[in-house]
Amino acid sequence: MWFASPGPAAAQQGDFNAPDLVLINGKVLTLDERSTVTEAVAIRDGKILATGSSASIKALAGAETRVIDVSGKTVIPGLIDTHTHFKAAGLSDYVVIMGRAKTVAEALEAIKAFAAKKKPGEWIVGGAWHPPSQLAEKRYLTRQEIDSVAPNNPVYLRTVGHFSMANTMALQKVGIDKTTADPRGGSFERDATGELTGVLVETAIDQVEKAVPPWTEDDEIRQFTIAESVLNSFGITSAVEGATEARDIRTLQQLAASGRATLRTGVMFRPEPPADLTAWEAIMSGNGASSGFGDDWLKFAGIKIFYDGGMTLKTALMRDVYPDSHDDYHGTSQQTPERLKQLVSICNRNGWRVGVHVVGDLGIDQVLDAFESADKERSIRDRRFVLIHASLIRPEQMERAQKLGVRVDFQNVFMWDKAATVERFLGRATADRAVPTRTLIAKMGLDSLGAGTDFPVNPMNPFLNMYVMVTRKDPNGNAYGAAEAITREQALRLYTSAASRYTFDEARKGTIEPGKLADFVVLSADYMAVPDDQIKDIKADLTLVGGKIVFQR
């Protein structure tokens, strides 16, 4: 319950310069350059008018000013998730929720229950999940298992973007059988007898993905509306959408234009690179837009390109051979280093900033090569190209990135429930050096970095992410790479002042200072003072975007 009252009517009657809203009696972490802590904030026309003592801010209130007394609670800038696929937060009515399944049997039961609500022949699609680390059996489902619970529906189960599963009917719908050749950069997994298992790897996903009927326009609007409110409930006021298709950009634009958006979004536009580079050139030149086009609610952050896979998928592109490899296996890439250079070059020539999904150290070598090659054609040094994830980046690679003005946007929370899987596949030493946050700050500077979640691959909760940054612990209390732990303020800045730089918005948001957008969060507990193990339990009690309350617990 929040105490709210009008300001002193007589003193400020008719004062058109009075704030619309003031928050008083708080512990306000402004995160300005001096890390100032103050008590109160005044807001007018969606922006911060002033900060200061409760008495000085309350004195600004006019007859129509709303006053909220936060009773000593901590107030922080609105949180910015620099890498998320947040539409997934609005899909619970539309897809099978697979994220809760702990065994193959539970996963199949979820599909069976969802299928019971569908007519024969209707597609069933699964929400994102991670079977190798999530299920006790540490494996993917087979098409025969899926057939056993949904024999009359085509079923397509996404995971985290590199592997998917399909049942027999789904494969039949698109004409895939055991004679179908593997596409370049992917494969249709087969068992020892040559029969399809239903597991689709990398580019083999596309054929089935494209056959899934699209949602209606109304469905999409509802999905994003729900999703934005879910992010607001965690104190998230801005996000970078990590791999956005054209249809989703249109939907987000409709939401923003209608005044219903409650989340500021930077989109990493992800067109599928065609084989023909002239076609890629046509997409990049497109209608003349480039990175930064848009406004405070929606803007193009850049172009997203996938390069390698992931640590828990055993597809990250590594300098060293995989520990259990018998065939000199170093991981996979979705294109050759030379083609990556060509794709990046074309983006750069057309004014697009590029963010590349890359995880393994060999992959990072090759992405930095591509960035350096592009830089020789047209400088990228003030354009903040991005290494997305870069989980296994090495110190000398950080120095290369820093010289190019390249950002790294990483996800510590990936290691919360997947560190043990990384250890199993790549060894303890590699698990300990994954997401080397302290070294990244030392080598590149806080402002070149940002923290995201990669939701729904990982939990959305920003305070869980900050907990992992500060402690490096998994759910069992095991610390991986304890020497890479960072301070609480550094973790919070990776979600605020540093994160705002991803979309070149450091003058607009990320701190609580006069003139900036009035995006902030009132917390359930004092982030700077609670014991370490309670950081992950902090909640947003009140979230404001543009001075408007978008969530209240």
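This report walks through the sheets, cores and empty spaces of a predicted model.

## The parallel sheet

Let's start with the eight-stranded sheet. It is open, its pairing is parallel, and the strands come in the order β9-β15-β16-β17-β18-β19-β20-β21. The edges belong to β9 (79–84) and β21 (449–451); each has a single partner strand, so one side of each has no neighbour in the sheet. On average, neighbouring strands here are turned by 25° against each other, direction ignored.

Two helices are worth pulling up alongside it. Helix α11 (residues 337–349) packs on the sheet and touches β17 (298–306) and β18, with its direction at about 165° to that of β17. Helix α17 (residues 462–471) lies across β9, β15 (236–244) and β21, and runs at about 85° to β9.

## Strand β18 and its partners

Now zoom in on β18, residues 354–358. It runs parallel to β19 (residues 386–389), and four bridges join the two. Histidine 357 has isoleucine 388 as its bridge partner in β19. Turning to β17, four bridges again link that strand to β18, also in parallel, and lysine 304 stands opposite glycine 355 in β18.

How much of β18 is buried? Five of its five residues are, so the strand is largely enclosed by the rest of the structure. Both faces are covered: Val354, Val356 and Val358 are buried on one side, and Gly355 and His357 on the other.

## Nonpolar cores

In general, nonpolar side chains tend to be buried together in soluble globular proteins. In this model, the largest nonpolar core has 125 residues, and Leu141, Ile305, Phe371, Leu387 and Met466 have the most contacts inside it. There is also a second, separate core of 17 residues, which includes Leu91, Val125, Phe188 and Leu196.

Isoleucine 305 is a handy place to look around. Setting aside residues up to four places away in sequence, it touches Val354, Gly355, Val356 and His357, and its other contacts are Trp280, Gln335, Leu340, Leu343, Val344 and Cys347. Gly355 and His357 are on one side of β18, with Val354 and Val356 on the other.

## The mixed sheet

A six-stranded sheet is also there, open as well, with mixed pairing and the order β4-β3-β8-β22-β23-β24. Its edge strands are β4 (37–38) and β24 (548–552), each of which pairs on one side only.

For a look at one pairing, take β3 (residues 27–29) and β8 (residues 74–77): they pair in the parallel sense over two bridges. Lysine 27 stands opposite threonine 74 in β8.

## Threonine 265 and the largest cavity

Threonine 265 is found in strand β16 (residues 264–269). Is it buried or exposed? Its relative accessible area is 5%, under the 20% cut-off, so it counts as buried. Beyond its neighbours within four places in sequence, threonine 265 is in contact with Phe86, Glu228, Ala239, Glu241, Leu252, Trp297, Leu298 and Lys299.

The same residue turns up in the lining of a cavity. The model has two cavities of 30 Å³ or more, and the largest holds about 80 Å³ of space. Of the 17 residues that line this largest cavity, Thr265, Gly266, Thr503, Asp505 and Lys509 are the closest to its centre. β15, β16 and β17 each supply at least two residues of that lining.

## The second largest pocket

The second largest pocket has a volume of about 460 Å³. It is lined by 21 residues, and those nearest its centre are Ile249, Gln253, Asn287, Phe293 and Phe300.

Which elements give two or more residues to the lining? They are α9 (246–257), β16, α10 (277–285) and β17. Helix α9 gives the most, with six residues.

## Threonine 421

One last stop is threonine 421, which lies in helix α14 (residues 414–426). With a relative accessibility of 3%, this residue counts as buried. Leaving out neighbours within four places in sequence, threonine 421 is in contact with Pro132, Ser133 and Thr312.

Lysine 314 makes a useful reference point here. It is 107 residues from threonine 421 in sequence, and their C-alpha atoms are 10.0 Å apart in space.

Conventions: Residues numbered from 1 in each chain as written. Predicted model: local features only at pLDDT ≥ 70, side-chain atom pairs only at ≥ 80, totals over all residues. Heavy atoms only, no water. Core = buried A, V, L, I, M, F, W, Y, C linked by side-chain atoms within 4.5 Å. Buried < 20%, exposed > 50% of the residue type's maximum accessible area, 1.4 Å probe, protein only. Contact = heavy atoms within 4.5 Å. Pairing = 2+ DSSP bridges. Axes fitted to C-alpha atoms, helices over the stretch in contact; angles between N-to-C directions. 1 Å grid on protein atoms, 1.4 Å probe; cavity = no way out; pocket = protein on both sides within 12 Å on 5 of 7 lines; lining within 4 Å. Points joined across faces, edges and corners; volume = space filled by probe spheres on them.
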